[in-house]
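Here are a few short exercises on backbone geometry, each with a worked solution. Have the structure open and try each task before reading on.

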Amino acid sequence: MFSKPKKHMILISGLCFFVFSVLFGCSSDKTGNDTSAYLFAYFTGNAPGEEAIHFAVSEDGYHYRALNNNKAVIDSKQISTSGGVRDPHILRGEDGKTFYMVATDLFVPEQGWNNYAMILLKSTDLIHWESSVVNIPETFKNEFSDVNRVWAPQTIYDEATEKYMVYFSMKQGDDPDIIYYAYANSDFTALEEAPKQLFFNPANNACIDADIIKKDGKFYLFHKSESGDPGIKLAVSDKLTEGYEFVNTDRVDRETENVEGSGVFKLNNSNEWILMYDVYGIGRYQFTKSSDFETFTVIDQDISMNFHPRHGTVMPITDKELKLLVSTYSNYDDLLVDAKSPVLKKNNVCFKSEDKTIYLPVKTGADMNHFDPEFKAFSGISYSPKGPQDFSKGSVKYTFKIDGKESQSFEVSVSEDHNPVLEGYKADPDILYSEKTGKYYIYPTSDGFNNWSGYQFSVFSSDNLVDWTDEGVIIDLKKDVSWANRNAWAPCIVEKKIDGQYKYFYYFTAAQKIGVAVADNPTGPFVDTGKALIDKKPKGITNGQEIDPDVFTDPKTGKSYLYWGNGYMAAAELNDDMVSINEKTTKLMNVDNTYREGSYVIYRNGTYYFMWSEDDTRSPNYKVRYATSDSPMGKLTIPENNIVIQQDKDQEIYATGHNSAIQIPGKDEWYLVYHRFTRPKGITMGRAGGFHREVCIDKLEFDADGSIKEVKPTLSGIDAVN
C-alpha cells in the first residue's frame with residue numbers, strides 16, 4: 001500500500017493551559033547544520049483516535065510542547081491497513097535532509113494485540129510523508145505465515161552495507177516474541193528480504209521494543225525483556241546485526257512498575273544521553289539521564305510536557321526545521337510561548353486562547369508599574385512590546401506573530417494572587433500557631449509524585465499567613481523511619497508544654513499507617529518513635545485506610561485526642577505521653593455517608609466543630625463538610641446545609657478539600673487552609689490532578705447562631721495578618 005504525500009491540517013479549539021519553559025543548546029548533525037532543538041514523535045493511547053502519530057517539540061530536550069494542539073499530524077487511516085498507528089520511531093538520514101519514520105500498524109479496539117504489518121514513511125521536510133505498508137505474513141509466506149504480532153519497528157543506518165536496517169519484534173504461534181531485522185530497499189517502501197533473527201531472550205522469555213544506539217564503537221540494544229524482573233534490559237555487541245549479549249539481567253530503567261517503549265537520544269552540545277520509557281500501566285512517562293550507559297538517574301523533576309505520550313522517540317532537529325514545524329502546526333489557539341519572570345507563580349499562568357487573554361499571577365511585592373513577563377517564544381514566533389510595561393492600570397496588549405500567519409493580539413493582565421500560598425505542589429495542609437516562636441507553620445503532603453508516592457515531609461513558616469519560608473525536610477521516610485518508607489501523606493502537629501518545656505508531636509501517614517515523631521522545635525529535628533501508632537482498623541471496620549490523622553487539644557481540659565480514618569472517622573484519647581492512645585477510648589464517630597477522609601476539629605464559643613472531606617481527592621467535586629458536638633468525642637449533630645468549601649467553576653477552582661483551620665491568637669478571627677487542584681491545568685489532568693495540588697488560605701466565618709458560612713475559594717487569598 002502506498003499513500004500519496006499529503007499535508008494533514010487539523011483545526012484546533014482553544015484551551016486554557018500551562019506553558020512550559022524552554023532552554024537552548026546545539027550540536028552539529030551529519031550535514032554540518034546546527035541541531036538546536038528536538039522533535040518528539042509519539043502516540044497517545046489505545047482508544048479509537050488515539051493510535052496516531054503526534055509531534056511535540058522542545059528547545060532543550062527537557063520541556064516539550066505538543067504541536068497541532070496534540071492532534072495527529074498524519075491521518076492513520078491514510079497510511080495503515082488497520083486504521084491505527086503506534087510506536088513511531090523517527091530518524092534523520094545520512095544525507096542530513098531525508099527523514100525516515102516507522103510505526104506499528106495496529107488498531108487495538110478491533111484487533112486486540114494481534115497484528116501483521118508495519119508502516120514505512122519517508123519525508124524531506126517533516127511535514128509531507130510518503131508511506132507504504134509491509135505485511136509480514138503476506139510478503140514472506142514461506143517464512144512467517146504464522147506471525148501474529150509485528151511490533152515496534154525502528155530504523156538505523158548500517159555503515160557496513162550503506163543501507164537502512166529496520167528491526168522489530170515478531171511472535172510466531174506460541175513462541176515468545178523475538179527481535180528480527182531486515183534491510184529496507186533504496187526507496188524505503190519495502191524490505192529487501194525475509195527478516196532474520198537479531199536477538200532473543202536466553203531464558204526464552206519475550207523481548208520487544210528494541211532501540212539500538214551506537215556509542216564508542218559498540219551497539220547498545222535497549223529493549224523490554226520479560227526475564228527476571230521485567231523491564232528495560234541492555235544487550236551490547238561489537239556488530240550491528242549479531243553478537244548481542246546481556247550486560248546483566250538487571251533492569252536499566254529506574255521503575256518498579258511495568259514499562260515498555262524505551263527511547264534513547266543524545267542531548268545537543270553534550271555528552272549526556274536521555275533514556276525515556278513508557279510506564280504504561282499507570283499512564284506516566286519517565287526520563288533518565290546517563291553519560292556512560294551504566295548509571296541512569298531519574299530526571300522526572302526536570303521534565304515537563306503538556307501532553308501524555310505513549311511509546312515514542314526523540315530526534316534532534318535544526319532551528320530551520322523547528323521553525324517550519326512551528327509555522328505549520330502552531331496557531332494562536334495553542335501559542336508556543338512561556339512567561340519566565342522569576343516573580344511569576346509559574347504553575348498558575350493561564351493562556352486563554354478563546355478570549356485572547358493571558359493571566360499572570362505574581363508573588364507579593366511585584367512592581368506593577370514596571371513589570372516584564374519575560375516572554376520566551378519558540379523559534380518561529382515573535383512578539384511585542386518587549387521589556388517592562390505598566391500594568392498598574394490594567395491589562396497591556398501584546399501582539400504575537402507566527403511565521404507565515406497573520407499576527408494576533410492578547411490582553412495580558414497581572415495580578416498579585418496570594419493563593420496558592422506555598423510554591424509547587426503541596427496538599428493536605430495542617431497549620432499550627434506556635435506559642436514558643438510566635439510564628440505560623442504549615443505541614444503539608446509533598447505532592448506532584450505519581451500515585452501519591454512521595455516519601456518526605458517539609459514545613460513552612462510565616463509571620464503573617466501570606467509570606468511563607470521553606471524550612472526544609474523534617475522527615476525522610478527512607479532515612480528516618482524504620483517501619484515504613486513510602487506514601488508520606490497528610491500529617492498533623494500539636495504543640496504541648498510538658499514540665500515547662502515546649503514539645504512538638506508530629507503525626508503522619510506512611511504506608512497507610514500512622515506514626516508519630518517528636519521534636520523540641522516546630523521545625524525539628526523530629527525523631528520517630530520507631531513504630532506505628534495506628535496500624536490496624538478499629539473494631540467493626542473492614543474497609544478504608546488508616547490515614548489522615550488529626551490531633552486536637554481540648555482548651556477546657558488540656559486533654560488531647562487523635563482522629564483518623566478513610567471511609568470511617570475513628571477517635572481516641574491520647575495518653576499523657578502523646579505517643580500512644582488509650583485504646584479503651586477508641587470509638588467510631590457518627591458521621592454520615594458524605595465522610596471520606598481528612599478529619600479536622602476546632603473549638604469555638606463552647607462548640608466543637610468536626611470537619612471532613614467528601615468525595616475523592618481526584619474529583620473536582622472534592623469538598624469539605626462539618627458537624628458539631630458538645631464534646632471532643634460526643635455525638636455529632638450534622639446540619640442540613642453543612643458545606644464548608646467546594647469548587648467554584650466560574651473561577652476554575654476545583655477539588656477544594658482536606659483542610660485545617662487557624663484562629664488568630666486573642667481574636668475571633670479564623671482562616672481555612674485547604675488544597676485545590678493546581679490551577680489552571682489540574683482540571684485537564686484526569687486522575688493526575690489528584691496528586692498535583694496546591695495549598696490555599698481563605699477567610700473562615702461564622703453566622704450569629706454559630707453555623708459556618710460557606711467559604712468562597714479565591715485566587716486573591718487573604719491579606720497579611722498581624
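## Exercise 1: two cis peptide bonds

Pro-680 lies in the loop that runs between strand E49 (670–677) and strand E50 (693–700). Strands here are DSSP runs of E with at least two residues, numbered from the N terminus. The model is a predicted one, in which local features need pLDDT of at least 70, side-chain atom pairs count only at pLDDT 80 or more, and totals for chains, interfaces and linings use all residues. Residues are numbered from 1 along each chain as its sequence is written, and side-chain values use heavy atoms, with hydrogens and water left out.

**Task.** What kind of peptide bond joins Arg-679 and Pro-680? Then find where Pro-525 sits.

**Solution.**
1. Start with Arg-679 and Pro-680: the bond between them is cis, with omega about 15°.
2. Go to Pro-525, in the loop between strand E38 (513–519) and strand E39 (527–528).
3. Check the bond from Gly-524 to Pro-525: this peptide bond is cis, with omega near 10°.

## Exercise 2: positive phi outside glycine

**Task.** Is His-658 buried or exposed? Ask the same of Asn-204.

**Solution.**
1. His-658 belongs to strand E48 (residues 657–663). Its phi is positive, about 40°, although His-658 is not a glycine.
2. With a relative accessible area of 7%, His-658 is buried (buried is under 20%, exposed over 50%, partly exposed in between; 1.4 Å probe, protein chains only).
3. Asn-204, also not a glycine, has a positive phi of about 65°. Asn-204 is in the loop between strand E14 (196–199) and strand E15 (207–215).
4. Asn-204 counts as exposed because its relative accessibility is 54%.

Methods
Helix = DSSP H or I, 4+ residues; strand = E, 2+ residues; numbered from the N terminus.
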